[in-house]
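Biologist: I have a chain on my screen and some bench questions about it. Can you take me through the model, one point at a time?

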Amino acid sequence: MFKKDTHKNTCEQWLLFAMTLLKIPYGISNYRTIAREGYAYVDKTRYIRVLEEYSSPFVVLLRPRRFGKSLFASVLNCYYDIAEKDNF
């Protein structure tokens, strides 16, 4: 079991460590740029299979602004691009 102070210090240390290694991709919606320049990225490729198995011919992404819709479209573009096959 964690002591309250120890857990807080561990979280703060991890946060400082992550902030020094990863850049925040604020306003960047190009997957290639994020992947090649070492920005922080949460991998959403597991949802590609869900989209492929979706029975409707149209998919609507209803998310608030700044929620990664364009970035996910860029990931899909790179995923299905034959020239990018070695990156996936």
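Modeller: Start with confidence. pLDDT is the predictor's confidence in each residue, from 0 to 100. This is a predicted model, and the mean pLDDT of the protein chain is 82.

Biologist: Which element of the protein chain has the highest mean pLDDT, and which the lowest?

Modeller: Across the protein chain, 85% of residues reach a pLDDT of 70 or more. The elements differ in their means: helix H1, residues 4–21, has the lowest, at 67. The highest mean is 92, and it belongs to H4.

Biologist: How many helices and how many strands does the protein chain have?

Modeller: Read from the N terminus, the elements run α-α-α-α. The count for the protein chain is 4 helices and 0 strands.

Biologist: What share of the residues in the protein chain is buried?

Modeller: The cut-off comes first: buried means under 20% relative accessible area. The protein chain has 88 residues. Of these, the buried share is 12%.

Biologist: What percentage of the contacts with a separation of 6 or more comes from residues 24 or more positions apart?

Modeller: Take the contacts in the protein chain with a separation of 6 or more. Residues 24 or more positions apart account for a share of 54%.

Biologist: Now the charged side chains. How many salt bridges does the structure hold?

Modeller: Side chains of opposite charge can pair when their charged atoms come close. Arg 32 pairs with Asp 81 at 3.6 Å, N to O. Glu 84 pairs with Arg 32 and also with Arg 36. The number of salt bridges in the structure is 3.

Biologist: How many residues apart are Arg 32 and Asp 81?

Modeller: The salt bridge between Arg 32 and Asp 81 links distant parts of the chain. Arg 32 is in helix H2, residues 31–36, while Asp 81 is in the segment after helix H4, residues 69–80. Their separation is 49 residues.

Biologist: Is Glu 84 buried or exposed?

Modeller: Glu 84 forms a salt bridge with Arg 32, the closest N and O atoms being 2.7 Å apart. Glu 84 lies in the segment after H4 and Arg 32 in helix H2, so this pair ties together parts 52 residues apart in sequence. The relative accessibility of Glu 84 is 9%. Because that falls under 20%, Glu 84 counts as buried.

Biologist: Is Arg 36 buried or exposed?

Modeller: Arg 36 meets Glu 84 in a salt bridge, at 4.0 Å, N to O. That pair ties together parts 48 residues apart in sequence. Arg 36 has a relative accessible area of 62%. The class starts over 50%, so Arg 36 is exposed.

Biologist: Which residues are linked in a network of salt bridges?

Modeller: Arg 32 bonds to Asp 81 in one salt bridge and to Glu 84 in another. Glu 84 also meets Arg 36. The linked residues are Arg 32, Arg 36, Asp 81 and Glu 84.

Biologist: Which residues are in contact with Ser 74, leaving aside its neighbours within four places in sequence?

Modeller: Ser 74 sits in helix H4 and is buried, with a relative accessible area of 12%. Its C-alpha atom is 5.8 Å from that of Asn 30, although the two are 44 residues apart along the chain. With those neighbours left aside, the contacts are Ser 29, Asn 30 and Tyr 31.

Biologist: On to the largest pocket. Which element gives the most to its lining?

Modeller: The largest pocket has a volume of about 860 Å³ and is lined by 26 residues. By class, the lining has 18 nonpolar, 4 polar and 4 charged residues. Helix H3, residues 46–53, and H4 are the elements that give two or more residues. With 5 residues, the element that gives the most is H4.

Biologist: Where does Gly 68 lie?

Modeller: Gly 68 is among the lining residues nearest the centre of the largest pocket, a list including Phe 67 and Lys 69. Gly 68 is partly exposed, at 35% relative accessibility. Gly 27 is 41 residues away in sequence and 9.6 Å away in space, C-alpha to C-alpha. The place of Gly 68 is the loop between H3 and H4.

Terms used. Residues numbered from 1 in each chain as written. Predicted model: local features only at pLDDT ≥ 70, side-chain atom pairs only at ≥ 80, totals over all residues. Heavy atoms only, no water. Buried < 20%, exposed > 50% of the residue type's maximum accessible area, 1.4 Å probe, protein only. Contact = heavy atoms within 4.5 Å. 1 Å grid on protein atoms, 1.4 Å probe; cavity = no way out; pocket = protein on both sides within 12 Å on 5 of 7 lines; lining within 4 Å. Points joined across faces, edges and corners; volume = space filled by probe spheres on them. Nonpolar A, V, L, I, M, F, W, Y, C, P; charged D, E, K, R; others polar.
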